[in-house]
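Colleague: I should be grateful for a close look at a single strand of this protein and at the parts that surround it. Please begin with its pairing and work outwards from there.

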Amino acid sequence: MPSASHRVTVIPGDGVGPEVVRAGVRVIEAAGVKIDWEEAAAGASVFQTGDTSGVPAETRHSIERTKVVLKGPLETPVGFGEKSANVTLRKLFETYANVRPARELPGVPTRYAGEGVDMVIVRENVEDLYAGIEHMVTPDVGQCLKVISRKGSEKVIRYAFELARREGRQKVTAATKANIMKMTEGLFKAVFEELASEYPEIKAEHLIIDNVAHQLAKQPNQFDIIVTTNLNGDIISDLASGLVGGLGFASSGNYGDSVAIFEAVHGSAPKYAGKDVINPTALILSSGMMLRHLGESAAADRVEDAVLVTLEEGTATTQDLVRQTGGDIDTAASTTGFTDAVIANLGRGPATLKARRSAPGGPVPTPLPAWSYGPERYAAIERRTVGLDIFIETGEEPGRLGPDLEGVAAGGPFELHFIESRGTKVYPSVGLSADGVRLLRARFLTRDGGPALDGDLLALQARVAARQPGWTHIEKLHVFNGADGFTKAQGE
Ligand code: NAP
(Lines give C-alpha, C1' and ligand atoms only; values in the text may rest on other atoms or scores of the structure.)
Protein backbone atom coordinates (compact mmCIF):
# COMPACT_ATOMS: atom_id res chain seq x y z
CA MET A 1 0.00 0.00 0.00
CA PRO A 2 1.57 3.34 -1.00
CA SER A 3 1.75 5.64 1.97
CA ALA A 4 0.63 9.25 2.28
CA SER A 5 2.92 11.73 0.60
CA HIS A 6 5.86 13.34 2.43
CA ARG A 7 7.92 16.39 1.53
CA VAL A 8 11.69 16.06 1.63
CA THR A 9 14.49 18.40 0.59
CA VAL A 10 16.97 16.51 -1.57
CA ILE A 11 20.50 17.88 -2.00
CA PRO A 12 22.39 15.92 -4.70
CA GLY A 13 25.71 17.36 -3.52
CA ASP A 14 29.15 17.18 -5.10
CA GLY A 15 31.30 14.53 -6.81
CA VAL A 16 29.58 11.15 -6.58
CA GLY A 17 26.72 12.74 -4.61
CA PRO A 18 24.18 12.93 -7.45
CA GLU A 19 24.80 9.26 -8.33
CA VAL A 20 24.29 7.89 -4.81
CA VAL A 21 21.39 10.21 -4.02
CA ARG A 22 19.69 9.09 -7.24
CA ALA A 23 20.12 5.49 -6.06
CA GLY A 24 18.48 6.31 -2.71
CA VAL A 25 15.58 8.15 -4.35
CA ARG A 26 14.95 5.29 -6.76
CA VAL A 27 14.90 2.70 -3.97
CA ILE A 28 12.57 4.80 -1.81
CA GLU A 29 10.14 5.26 -4.69
CA ALA A 30 10.31 1.57 -5.61
CA ALA A 31 9.51 0.74 -1.97
CA GLY A 32 6.18 2.50 -2.51
CA VAL A 33 6.75 5.64 -0.47
CA LYS A 34 5.46 8.80 -2.11
CA ILE A 35 7.66 11.82 -1.61
CA ASP A 36 7.42 15.35 -3.00
CA TRP A 37 11.11 16.10 -3.46
CA GLU A 38 12.28 19.69 -3.27
CA GLU A 39 15.68 19.71 -4.97
CA ALA A 40 18.12 22.20 -3.42
CA ALA A 41 21.78 23.15 -3.79
CA ALA A 42 24.64 23.27 -1.29
CA GLY A 43 28.40 22.81 -1.36
CA ALA A 44 30.95 23.44 -4.11
CA SER A 45 28.56 24.83 -6.75
CA VAL A 46 27.29 27.34 -4.20
CA PHE A 47 30.76 28.39 -3.00
CA GLN A 48 31.60 29.04 -6.67
CA THR A 49 28.81 31.62 -6.89
CA GLY A 50 30.57 33.59 -4.14
CA ASP A 51 28.18 32.49 -1.37
CA THR A 52 30.70 31.78 1.41
CA SER A 53 28.18 29.84 3.54
CA GLY A 54 27.80 27.08 0.92
CA VAL A 55 24.10 26.88 1.88
CA PRO A 56 21.94 29.44 0.01
CA ALA A 57 18.79 31.00 1.43
CA GLU A 58 16.50 28.98 -0.90
CA THR A 59 17.96 25.74 0.49
CA ARG A 60 17.51 26.95 4.07
CA HIS A 61 13.91 27.90 3.33
CA SER A 62 13.19 24.54 1.74
CA ILE A 63 14.53 22.74 4.84
CA GLU A 64 12.47 24.98 7.12
CA ARG A 65 9.41 23.86 5.13
CA THR A 66 10.12 20.15 4.77
CA LYS A 67 12.10 19.50 8.00
CA VAL A 68 13.67 16.41 6.40
CA VAL A 69 16.74 16.28 4.15
CA LEU A 70 18.33 13.54 2.06
CA LYS A 71 21.73 14.78 0.99
CA GLY A 72 24.81 13.79 -0.94
CA PRO A 73 28.32 14.68 0.22
CA LEU A 74 29.42 18.30 -0.01
CA GLU A 75 32.97 19.34 -0.80
CA THR A 76 34.75 21.68 1.54
CA PRO A 77 37.10 23.83 -0.55
CA VAL A 78 40.58 23.76 0.96
CA GLY A 79 42.39 27.05 1.35
CA PHE A 80 39.52 29.49 0.68
CA GLY A 81 38.68 30.04 4.34
CA GLU A 82 35.10 28.82 3.84
CA LYS A 83 33.49 26.81 6.60
CA SER A 84 32.27 23.31 5.73
CA ALA A 85 28.73 23.50 4.25
CA ASN A 86 28.03 20.18 6.01
CA VAL A 87 28.86 21.57 9.41
CA THR A 88 26.89 24.73 8.56
CA LEU A 89 23.79 22.64 7.74
CA ARG A 90 24.09 20.57 10.93
CA LYS A 91 24.51 23.68 13.06
CA LEU A 92 21.91 25.88 11.36
CA PHE A 93 19.24 23.31 12.12
CA GLU A 94 20.70 22.21 15.49
CA THR A 95 20.84 18.56 14.51
CA TYR A 96 22.39 17.68 17.85
CA ALA A 97 22.55 13.88 17.48
CA ASN A 98 24.64 12.26 14.77
CA VAL A 99 23.60 8.64 14.65
CA ARG A 100 25.76 6.06 12.89
CA PRO A 101 24.89 2.37 12.99
CA ALA A 102 27.80 -0.04 12.54
CA ARG A 103 26.49 -3.51 11.93
CA GLU A 104 28.03 -6.57 10.38
CA LEU A 105 26.71 -7.04 6.84
CA PRO A 106 26.44 -10.35 4.98
CA GLY A 107 28.86 -10.81 2.10
CA VAL A 108 31.08 -7.97 3.29
CA PRO A 109 34.37 -9.49 4.44
CA THR A 110 35.94 -7.91 7.53
CA ARG A 111 38.31 -9.03 10.29
CA TYR A 112 35.31 -9.32 12.60
CA ALA A 113 32.90 -11.18 10.29
CA GLY A 114 30.79 -13.64 12.26
CA GLU A 115 31.33 -11.93 15.61
CA GLY A 116 27.98 -10.14 15.52
CA VAL A 117 29.12 -6.50 15.58
CA ASP A 118 25.92 -4.46 15.91
CA MET A 119 26.29 -1.05 17.52
CA VAL A 120 25.21 2.54 17.08
CA ILE A 121 27.49 5.50 17.71
CA VAL A 122 25.52 8.55 18.90
CA ARG A 123 27.75 11.58 18.55
CA GLU A 124 27.00 15.06 19.86
CA ASN A 125 26.92 17.08 16.69
CA VAL A 126 26.88 20.80 17.49
CA GLU A 127 29.20 21.63 20.39
CA ASP A 128 32.72 20.78 21.54
CA LEU A 129 35.74 21.84 19.51
CA TYR A 130 33.43 21.91 16.46
CA ALA A 131 31.89 25.14 17.75
CA GLY A 132 34.72 26.51 15.61
CA ILE A 133 35.73 29.19 18.10
CA GLU A 134 39.41 29.50 17.31
CA HIS A 135 41.85 32.35 17.74
CA MET A 136 45.46 33.04 17.04
CA VAL A 137 46.14 34.47 20.48
CA THR A 138 49.63 35.52 19.51
CA PRO A 139 51.28 35.30 16.08
CA ASP A 140 52.44 31.80 16.97
CA VAL A 141 49.95 30.37 19.46
CA GLY A 142 46.52 29.15 18.31
CA GLN A 143 43.67 28.27 20.61
CA CYS A 144 40.36 26.42 20.08
CA LEU A 145 37.57 26.67 22.61
CA LYS A 146 35.92 23.42 23.68
CA VAL A 147 32.33 24.31 24.53
CA ILE A 148 30.21 21.67 26.25
CA SER A 149 26.85 22.63 27.73
CA ARG A 150 24.66 20.75 30.19
CA LYS A 151 21.71 21.17 27.84
CA GLY A 152 23.61 20.01 24.74
CA SER A 153 24.87 16.99 26.67
CA GLU A 154 21.46 16.15 28.06
CA LYS A 155 19.83 16.25 24.63
CA VAL A 156 22.22 13.83 22.96
CA ILE A 157 22.49 11.51 25.99
CA ARG A 158 18.71 11.36 26.30
CA TYR A 159 18.56 10.62 22.57
CA ALA A 160 20.95 7.69 23.08
CA PHE A 161 18.90 6.22 25.95
CA GLU A 162 15.62 6.70 24.05
CA LEU A 163 17.16 5.00 21.01
CA ALA A 164 18.27 2.11 23.21
CA ARG A 165 14.76 1.81 24.60
CA ARG A 166 13.10 1.93 21.17
CA GLU A 167 15.51 -0.55 19.58
CA GLY A 168 15.40 -2.87 22.58
CA ARG A 169 19.12 -2.47 23.22
CA GLN A 170 20.65 -3.44 26.55
CA LYS A 171 23.50 -1.03 27.17
CA VAL A 172 24.60 2.56 26.63
CA THR A 173 28.31 3.35 27.00
CA ALA A 174 29.38 6.96 27.52
CA ALA A 175 32.85 7.57 26.07
CA THR A 176 34.65 10.63 27.41
CA LYS A 177 38.03 12.05 28.35
CA ALA A 178 36.64 13.18 31.73
CA ASN A 179 39.85 12.15 33.48
CA ILE A 180 41.74 14.96 31.72
CA MET A 181 39.07 17.56 30.78
CA LYS A 182 37.10 17.70 33.99
CA MET A 183 35.00 20.77 33.24
CA THR A 184 33.90 19.77 29.72
CA GLU A 185 34.11 16.02 29.18
CA GLY A 186 33.50 15.74 32.93
CA LEU A 187 30.21 17.64 32.57
CA PHE A 188 29.13 15.24 29.81
CA LYS A 189 29.94 12.28 32.09
CA ALA A 190 28.08 13.84 35.04
CA VAL A 191 24.96 14.42 32.93
CA PHE A 192 25.17 10.84 31.65
CA GLU A 193 25.27 9.52 35.20
CA GLU A 194 22.30 11.70 36.21
CA LEU A 195 20.15 10.61 33.26
CA ALA A 196 21.05 6.91 33.51
CA SER A 197 18.85 6.60 36.60
CA GLU A 198 15.81 7.51 34.46
CA TYR A 199 16.44 4.40 32.33
CA PRO A 200 16.88 1.65 34.94
CA GLU A 201 16.27 -1.17 32.45
CA ILE A 202 19.29 -0.12 30.38
CA LYS A 203 22.83 -0.83 31.57
CA ALA A 204 24.83 2.39 31.70
CA GLU A 205 28.63 2.33 31.74
CA HIS A 206 31.32 4.94 31.32
CA LEU A 207 34.65 4.27 29.61
CA ILE A 208 37.51 6.59 28.82
CA ILE A 209 37.55 7.26 25.07
CA ASP A 210 41.04 5.87 24.47
CA ASN A 211 40.00 2.62 26.10
CA VAL A 212 36.90 2.62 23.89
CA ALA A 213 39.19 2.78 20.84
CA HIS A 214 41.20 -0.12 22.27
CA GLN A 215 38.09 -2.17 23.07
CA LEU A 216 36.58 -1.46 19.63
CA ALA A 217 39.66 -2.94 17.98
CA LYS A 218 39.82 -5.86 20.43
CA GLN A 219 36.23 -6.95 20.91
CA PRO A 220 33.73 -4.70 19.16
CA ASN A 221 30.70 -6.88 19.81
CA GLN A 222 30.72 -5.80 23.49
CA PHE A 223 29.18 -2.46 22.47
CA ASP A 224 25.52 -1.70 21.93
CA ILE A 225 25.14 2.10 21.89
CA ILE A 226 28.05 4.47 22.44
CA VAL A 227 27.24 8.11 23.22
CA THR A 228 30.03 10.63 23.10
CA THR A 229 31.15 14.20 22.51
CA ASN A 230 31.72 15.60 19.04
CA LEU A 231 35.44 15.06 18.39
CA ASN A 232 35.57 11.69 20.14
CA GLY A 233 32.53 10.65 18.12
CA ASP A 234 33.99 11.84 14.85
CA ILE A 235 36.96 9.55 15.32
CA ILE A 236 35.35 6.45 16.81
CA SER A 237 32.41 6.48 14.40
CA ASP A 238 34.86 6.20 11.50
CA LEU A 239 36.66 3.47 13.41
CA ALA A 240 33.34 1.64 13.86
CA SER A 241 32.55 2.00 10.13
CA GLY A 242 35.92 0.42 9.37
CA LEU A 243 34.99 -2.60 11.48
CA VAL A 244 32.00 -3.46 9.29
CA GLY A 245 33.20 -2.80 5.76
CA GLY A 246 34.16 0.85 5.46
CA LEU A 247 32.81 4.01 3.91
CA GLY A 248 30.80 2.39 1.15
CA PHE A 249 28.47 0.94 3.80
CA ALA A 250 28.32 3.62 6.51
CA SER A 251 24.95 5.35 6.86
CA SER A 252 23.99 8.22 9.13
CA GLY A 253 21.22 10.46 10.37
CA ASN A 254 21.57 13.88 12.00
CA TYR A 255 18.59 14.49 14.29
CA GLY A 256 17.45 17.81 15.74
CA ASP A 257 14.35 19.01 17.56
CA SER A 258 12.63 19.82 14.28
CA VAL A 259 14.93 18.90 11.37
CA ALA A 260 16.65 15.63 10.46
CA ILE A 261 19.33 15.22 7.77
CA PHE A 262 20.20 11.83 6.28
CA GLU A 263 23.43 11.16 4.40
CA ALA A 264 26.12 8.63 3.68
CA VAL A 265 29.20 9.09 5.85
CA HIS A 266 31.57 9.16 2.88
CA GLY A 267 32.66 12.27 1.00
CA SER A 268 32.38 13.25 -2.64
CA ALA A 269 35.09 10.77 -3.77
CA PRO A 270 35.90 13.07 -6.73
CA LYS A 271 37.99 10.53 -8.64
CA TYR A 272 34.88 8.38 -9.12
CA ALA A 273 32.47 11.23 -9.96
CA GLY A 274 30.28 10.56 -13.02
CA LYS A 275 31.71 7.05 -13.57
CA ASP A 276 28.76 5.07 -12.18
CA VAL A 277 31.08 2.84 -10.15
CA ILE A 278 30.65 4.03 -6.56
CA ASN A 279 28.95 1.85 -3.94
CA PRO A 280 25.53 3.38 -3.14
CA THR A 281 24.84 1.10 -0.13
CA ALA A 282 25.62 3.80 2.46
CA LEU A 283 23.18 6.26 0.92
CA ILE A 284 20.50 3.58 0.43
CA LEU A 285 20.81 2.55 4.10
CA SER A 286 20.64 6.24 5.10
CA SER A 287 17.44 6.45 3.02
CA GLY A 288 16.11 3.55 5.15
CA MET A 289 16.89 5.57 8.29
CA MET A 290 14.99 8.48 6.76
CA LEU A 291 11.96 6.28 6.05
CA ARG A 292 11.94 5.19 9.70
CA HIS A 293 12.04 8.84 10.75
CA LEU A 294 9.09 9.58 8.44
CA GLY A 295 7.12 6.83 10.18
CA GLU A 296 7.43 4.50 7.16
CA SER A 297 8.87 1.63 9.17
CA ALA A 298 7.46 -1.15 6.93
CA ALA A 299 9.10 0.44 3.88
CA ALA A 300 12.32 0.96 5.86
CA ASP A 301 12.35 -2.75 6.73
CA ARG A 302 11.82 -3.63 3.07
CA VAL A 303 14.71 -1.42 1.96
CA GLU A 304 17.10 -2.78 4.59
CA ASP A 305 16.08 -6.38 3.84
CA ALA A 306 16.62 -5.82 0.11
CA VAL A 307 20.13 -4.43 0.72
CA LEU A 308 20.99 -7.39 2.95
CA VAL A 309 19.71 -9.91 0.36
CA THR A 310 21.67 -8.20 -2.40
CA LEU A 311 24.90 -8.25 -0.37
CA GLU A 312 24.29 -11.78 0.87
CA GLU A 313 23.69 -13.28 -2.58
CA GLY A 314 26.51 -11.30 -4.18
CA THR A 315 24.80 -11.18 -7.56
CA ALA A 316 25.62 -7.49 -7.85
CA THR A 317 28.88 -6.50 -6.22
CA THR A 318 30.35 -3.03 -6.51
CA GLN A 319 34.02 -2.34 -7.30
CA ASP A 320 35.07 -1.57 -3.74
CA LEU A 321 33.89 -4.96 -2.53
CA VAL A 322 35.29 -6.83 -5.55
CA ARG A 323 38.68 -5.26 -4.81
CA GLN A 324 38.49 -6.34 -1.17
CA THR A 325 37.71 -9.91 -2.10
CA GLY A 326 40.41 -10.03 -4.80
CA GLY A 327 37.85 -10.62 -7.58
CA ASP A 328 37.89 -9.55 -11.24
CA ILE A 329 37.08 -5.83 -11.37
CA ASP A 330 35.48 -6.24 -14.81
CA THR A 331 32.72 -8.29 -13.20
CA ALA A 332 31.82 -5.51 -10.74
CA ALA A 333 28.32 -4.04 -10.72
CA SER A 334 27.87 -0.38 -11.53
CA THR A 335 26.16 2.00 -9.11
CA THR A 336 23.03 1.72 -11.24
CA GLY A 337 23.34 -2.06 -11.53
CA PHE A 338 23.62 -2.51 -7.77
CA THR A 339 20.62 -0.22 -7.25
CA ASP A 340 18.60 -2.22 -9.82
CA ALA A 341 19.44 -5.37 -7.87
CA VAL A 342 18.30 -3.85 -4.57
CA ILE A 343 15.04 -2.74 -6.19
CA ALA A 344 14.53 -6.22 -7.66
CA ASN A 345 15.04 -7.68 -4.17
CA LEU A 346 12.43 -5.48 -2.47
CA GLY A 347 10.00 -7.80 -0.70
CA ARG A 348 12.61 -10.50 -0.06
CA GLY A 349 14.34 -11.17 3.27
CA PRO A 350 17.96 -12.21 3.93
CA ALA A 351 18.67 -15.82 4.89
CA THR A 352 21.64 -15.29 7.18
CA LEU A 353 21.32 -11.96 8.93
CA LYS A 354 18.01 -10.45 9.88
CA ALA A 355 17.50 -6.71 9.54
CA ARG A 356 16.91 -4.93 12.80
CA ARG A 357 13.17 -4.38 13.01
CA SER A 358 11.93 -0.99 14.13
CA ALA A 359 10.96 -1.21 17.76
CA PRO A 360 7.26 -0.99 18.65
CA GLY A 361 7.93 2.46 20.08
CA GLY A 362 8.72 3.81 16.59
CA PRO A 363 11.43 6.37 15.98
CA VAL A 364 12.86 8.44 18.82
CA PRO A 365 10.39 11.28 19.40
CA THR A 366 11.42 14.80 18.40
CA PRO A 367 11.60 17.01 20.27
CA LEU A 368 12.65 14.86 23.20
CA PRO A 369 11.12 15.22 26.67
CA ALA A 370 11.61 18.72 28.06
CA TRP A 371 14.98 19.69 29.40
CA SER A 372 15.20 18.68 33.06
CA TYR A 373 17.42 21.54 34.16
CA GLY A 374 14.88 24.35 34.43
CA PRO A 375 15.36 27.99 35.49
CA GLU A 376 14.54 27.22 39.16
CA ARG A 377 17.35 24.67 39.40
CA TYR A 378 19.68 27.08 37.66
CA ALA A 379 18.75 30.04 39.88
CA ALA A 380 19.31 27.94 43.02
CA ILE A 381 23.01 27.54 42.28
CA GLU A 382 25.16 29.39 44.83
CA ARG A 383 27.90 31.25 42.95
CA ARG A 384 30.89 33.38 43.81
CA THR A 385 33.57 34.99 41.63
CA VAL A 386 36.93 34.49 43.28
CA GLY A 387 39.49 35.77 40.81
CA LEU A 388 40.81 36.20 37.31
CA ASP A 389 43.04 34.40 34.84
CA ILE A 390 44.91 36.87 32.64
CA PHE A 391 46.67 35.60 29.51
CA ILE A 392 49.73 37.57 28.53
CA GLU A 393 51.85 37.50 25.39
CA THR A 394 55.37 37.98 26.67
CA GLY A 395 58.91 36.78 26.21
CA GLU A 396 59.74 37.70 29.78
CA GLU A 397 61.08 34.95 32.05
CA PRO A 398 58.42 33.79 34.57
CA GLY A 399 61.03 34.34 37.29
CA ARG A 400 60.97 38.08 36.47
CA LEU A 401 57.29 38.39 35.52
CA GLY A 402 56.13 36.77 38.77
CA PRO A 403 57.54 39.34 41.22
CA ASP A 404 56.38 42.11 38.89
CA LEU A 405 52.76 40.85 38.96
CA GLU A 406 52.96 40.27 42.72
CA GLY A 407 53.86 43.94 42.94
CA VAL A 408 50.84 44.86 40.80
CA ALA A 409 48.49 42.97 43.17
CA ALA A 410 50.18 44.14 46.39
CA GLY A 411 47.88 45.90 48.81
CA GLY A 412 44.74 44.89 46.89
CA PRO A 413 42.18 42.12 47.44
CA PHE A 414 43.98 39.66 45.12
CA GLU A 415 47.22 37.74 45.19
CA LEU A 416 49.11 36.09 42.36
CA HIS A 417 48.43 32.37 42.67
CA PHE A 418 50.61 31.07 39.83
CA ILE A 419 51.90 31.66 36.34
CA GLU A 420 51.65 28.79 33.90
CA SER A 421 52.71 27.96 30.35
CA ARG A 422 50.34 25.77 28.32
CA GLY A 423 48.76 24.48 31.53
CA THR A 424 51.94 23.76 33.50
CA LYS A 425 52.95 25.91 36.47
CA VAL A 426 56.21 27.78 35.90
CA TYR A 427 56.00 30.31 38.80
CA PRO A 428 56.58 30.04 41.70
CA SER A 429 59.19 27.76 40.20
CA VAL A 430 58.72 24.01 40.28
CA GLY A 431 61.76 23.54 38.08
CA LEU A 432 59.86 23.65 34.76
CA SER A 433 60.31 26.25 32.03
CA ALA A 434 57.94 28.00 29.62
CA ASP A 435 60.16 26.60 26.82
CA GLY A 436 60.22 29.96 25.10
CA VAL A 437 56.48 29.93 24.23
CA ARG A 438 55.30 33.53 24.34
CA LEU A 439 51.96 33.02 26.04
CA LEU A 440 51.65 32.81 29.82
CA ARG A 441 48.63 32.79 32.11
CA ALA A 442 48.65 34.54 35.46
CA ARG A 443 46.04 33.47 38.01
CA PHE A 444 44.91 35.93 40.65
CA LEU A 445 42.64 34.80 43.50
CA THR A 446 41.12 36.77 46.35
CA ARG A 447 43.37 36.60 49.41
CA ASP A 448 40.66 35.17 51.67
CA GLY A 449 38.83 33.03 49.07
CA GLY A 450 35.88 35.39 49.45
CA PRO A 451 33.80 36.91 46.63
CA ALA A 452 35.45 39.41 44.30
CA LEU A 453 33.73 42.62 43.24
CA ASP A 454 33.56 43.37 39.51
CA GLY A 455 35.11 46.78 40.11
CA ASP A 456 38.11 45.17 41.84
CA LEU A 457 38.50 42.62 39.00
CA LEU A 458 38.44 45.35 36.36
CA ALA A 459 40.89 47.49 38.35
CA LEU A 460 43.26 44.52 38.60
CA GLN A 461 42.98 43.90 34.88
CA ALA A 462 43.74 47.57 34.15
CA ARG A 463 46.80 47.52 36.43
CA VAL A 464 48.13 44.33 34.78
CA ALA A 465 47.47 45.77 31.32
CA ALA A 466 49.41 48.91 32.22
CA ARG A 467 52.47 46.77 33.09
CA GLN A 468 51.90 44.10 30.42
CA PRO A 469 50.49 45.60 27.20
CA GLY A 470 50.72 42.10 25.68
CA TRP A 471 47.75 40.86 27.73
CA THR A 472 45.44 38.99 25.34
CA HIS A 473 42.33 37.90 27.22
CA ILE A 474 40.87 37.21 30.63
CA GLU A 475 38.68 34.56 32.19
CA LYS A 476 36.66 35.09 35.37
CA LEU A 477 37.03 32.38 37.99
CA HIS A 478 33.84 31.14 39.66
CA VAL A 479 32.90 28.75 42.43
CA PHE A 480 29.50 27.08 41.87
CA ASN A 481 27.78 25.36 44.81
CA GLY A 482 31.12 25.24 46.60
CA ALA A 483 33.00 23.57 43.72
CA ASP A 484 35.75 25.34 41.79
CA GLY A 485 34.63 26.14 38.24
CA PHE A 486 38.23 26.10 37.06
CA THR A 487 41.01 23.55 37.01
CA LYS A 488 44.37 23.63 38.72
CA ALA A 489 47.57 24.00 36.72
CA GLN A 490 49.74 20.94 36.20
CA GLY A 491 52.29 20.91 39.00
CA GLU A 492 50.20 23.20 41.22
P1 NAP B 1 35.82 10.46 0.46
O2 NAP B 1 35.15 11.28 -0.57
O3 NAP B 1 34.93 9.75 1.42
O4 NAP B 1 36.68 9.37 -0.34
C5 NAP B 1 37.79 8.69 0.20
C6 NAP B 1 37.89 7.30 -0.36
O7 NAP B 1 36.94 6.45 0.30
C8 NAP B 1 37.56 7.13 -1.82
O9 NAP B 1 38.62 7.50 -2.65
C10 NAP B 1 37.23 5.65 -1.87
O11 NAP B 1 38.40 4.86 -1.62
C12 NAP B 1 36.43 5.48 -0.60
N13 NAP B 1 34.99 5.72 -0.77
C14 NAP B 1 34.28 6.80 -0.40
N15 NAP B 1 32.98 6.62 -0.67
C16 NAP B 1 32.87 5.40 -1.21
C17 NAP B 1 31.77 4.65 -1.71
N18 NAP B 1 30.51 5.10 -1.67
N19 NAP B 1 32.02 3.44 -2.22
C20 NAP B 1 33.26 2.96 -2.25
N21 NAP B 1 34.34 3.60 -1.79
C22 NAP B 1 34.14 4.81 -1.28
O23 NAP B 1 36.88 11.30 1.29
P24 NAP B 1 37.85 12.50 0.85
O25 NAP B 1 38.49 12.15 -0.46
O26 NAP B 1 38.68 12.75 2.02
O27 NAP B 1 36.90 13.75 0.66
C28 NAP B 1 36.48 14.28 -0.61
C29 NAP B 1 35.60 15.50 -0.37
O30 NAP B 1 34.41 15.11 0.32
C31 NAP B 1 36.25 16.60 0.48
O32 NAP B 1 35.95 17.85 -0.09
C33 NAP B 1 35.58 16.47 1.83
O34 NAP B 1 35.54 17.69 2.51
C35 NAP B 1 34.20 15.99 1.43
N36 NAP B 1 33.49 15.22 2.49
C37 NAP B 1 32.18 15.46 2.64
C38 NAP B 1 31.46 14.72 3.58
C39 NAP B 1 29.99 14.99 3.73
O40 NAP B 1 29.42 15.69 2.92
N41 NAP B 1 29.34 14.46 4.75
C42 NAP B 1 32.09 13.75 4.33
C43 NAP B 1 33.44 13.51 4.13
C44 NAP B 1 34.15 14.26 3.20
P45 NAP B 1 39.37 4.25 -2.72
O46 NAP B 1 40.13 5.42 -3.25
O47 NAP B 1 40.22 3.32 -1.92
O48 NAP B 1 38.55 3.57 -3.75
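Modeller: In this predicted model, strand β11 (residues 251-255) runs antiparallel to strand β12 (residues 260-264), and five bridges join the two. Within this pairing, Ser251 has Ala264 of β12 as its bridge partner. The connection between β11 and β12 is a hairpin, made through four residues.

β11 also pairs with β4, again in the antiparallel sense, here over three bridges. In that pairing Tyr255 of β11 stands opposite Ala97. As a general point, strands of a sheet pair through backbone hydrogen bonds, in either a parallel or an antiparallel sense.

How enclosed is β11 by the rest of the structure? Five of its five residues are buried, so the strand is largely enclosed. The cover extends to both faces of β11: Ser251, Gly253 and Tyr255 are buried on one side, and Ser252 and Asn254 are buried on the other. For the protein chain as a whole, buried residues make up 52% of the 492 residues.

Tyr255 leads from the strand to a group of aromatic rings. Ring pairs link Tyr255 with Tyr96, Tyr159 and Phe262 into a cluster. The structure holds five aromatic pairs. One of them is formed by Tyr96 and Tyr159 in an edge-to-face arrangement, with 6.4 Å from centre to centre and 75° between the planes. Tyr96 belongs to the loop between α4 (85-92) and β4 (97-103), whereas Tyr159 belongs to helix α5 (residues 150-167), so this pair ties together parts that are 63 residues apart in sequence. Tyr96 and Tyr159 are both buried.

The loop that holds Tyr96 leads back to helix α4. At the start of α4, a side-chain oxygen of Ser84 comes to within 3.2 Å of the backbone nitrogen of Asn86. Buried residues in α4 are Ala85, Asn86, Thr88, Leu89 and Arg90. After α4 comes Glu94, which has a positive phi, near 45°.

Asn86 also connects this region with the ligand. The ligand is surrounded by 21 residues, of which Asn86, Gly267, Ala269, Lys271 and Tyr272 are the closest. By type, the shell around the ligand divides into eight nonpolar, seven polar and six charged residues. Several polar approaches to the ligand can be described. A backbone N or O atom of Thr76 lies 3.3 Å from a ligand oxygen atom. For Gly267, a backbone N or O atom lies 2.6 Å from an oxygen atom of the ligand. In the case of Lys271, a polar side-chain atom lies 2.6 Å from an oxygen atom of the ligand. On its own the ligand has 870 Å² of accessible area, and the protein covers 66% of this.

On the other side of β4 in the sequence, the loop between β4 and β5 (118-124) contains Ala113. Ala113 has a relative accessibility of 47% and therefore counts as partly exposed. Ala113 and Gly245 are 132 residues apart in sequence, and their C-alpha atoms are 9.5 Å apart in space.

Two further regions place β11 in the wider fold. The first is a hairpin formed by β6 and β7, with two residues between the strands. Strand β6 (residues 134-138) pairs with strand β7 (residues 141-144) in the antiparallel sense over four bridges. There, His135 stands opposite Gln143 of β7.

The second region is an open sheet of six strands in the order β15-β14-β16-β13-β17-β18, with antiparallel pairing. Its edges are β15 (424-427) and β18 (483-484), each of which has a single partner strand, so one side of each is left without a neighbour in the sheet. Within this sheet, strand β13 (residues 383-392) and strand β16 (residues 440-446) run antiparallel and are joined by six bridges. Ile392 stands opposite Leu440 of β16.

Overall, the protein chain has 15 helices and 18 strands. Its C-alpha atoms fill a box of roughly 85 × 50 × 45 Å along the principal axes. To return to the part requested, β11 is joined by antiparallel bridges to β12 and to β4, and residues on both of its faces are buried.

How values were computed:
Residues are numbered from 1 along each chain as its sequence is written. This is a predicted model: local features need pLDDT of at least 70, side-chain atom pairs count only at pLDDT 80 or more; totals for chains, interfaces and linings use all residues. Side-chain values use heavy atoms; hydrogens and water are left out. A residue is near a molecule or strand if one of its heavy atoms lies within 4 Å of it. A polar contact is a pair of N or O atoms within 3.5 Å; within protein, one must be able to donate a hydrogen and the other to accept it, and residues adjacent in sequence count only if both atoms are side-chain atoms. Accessible areas come from the Shrake-Rupley method with a 1.4 Å probe; for residues, only the protein chains shown count as cover. Ala, Val, Leu, Ile, Met, Phe, Trp, Tyr, Cys and Pro count as nonpolar, Asp, Glu, Lys and Arg as charged, and the others, Gly among them, as polar. Two strands pair if DSSP finds at least two bridges between them. Rings of Phe, Tyr and Trp (its six-membered ring) pair if their centres lie within 6.5 Å; planes under 30 degrees apart count as stacked, over 60 as edge-to-face and the rest as tilted. Buried means under 20% relative accessible area, exposed over 50%, partly exposed in between (1.4 Å probe, protein chains only).
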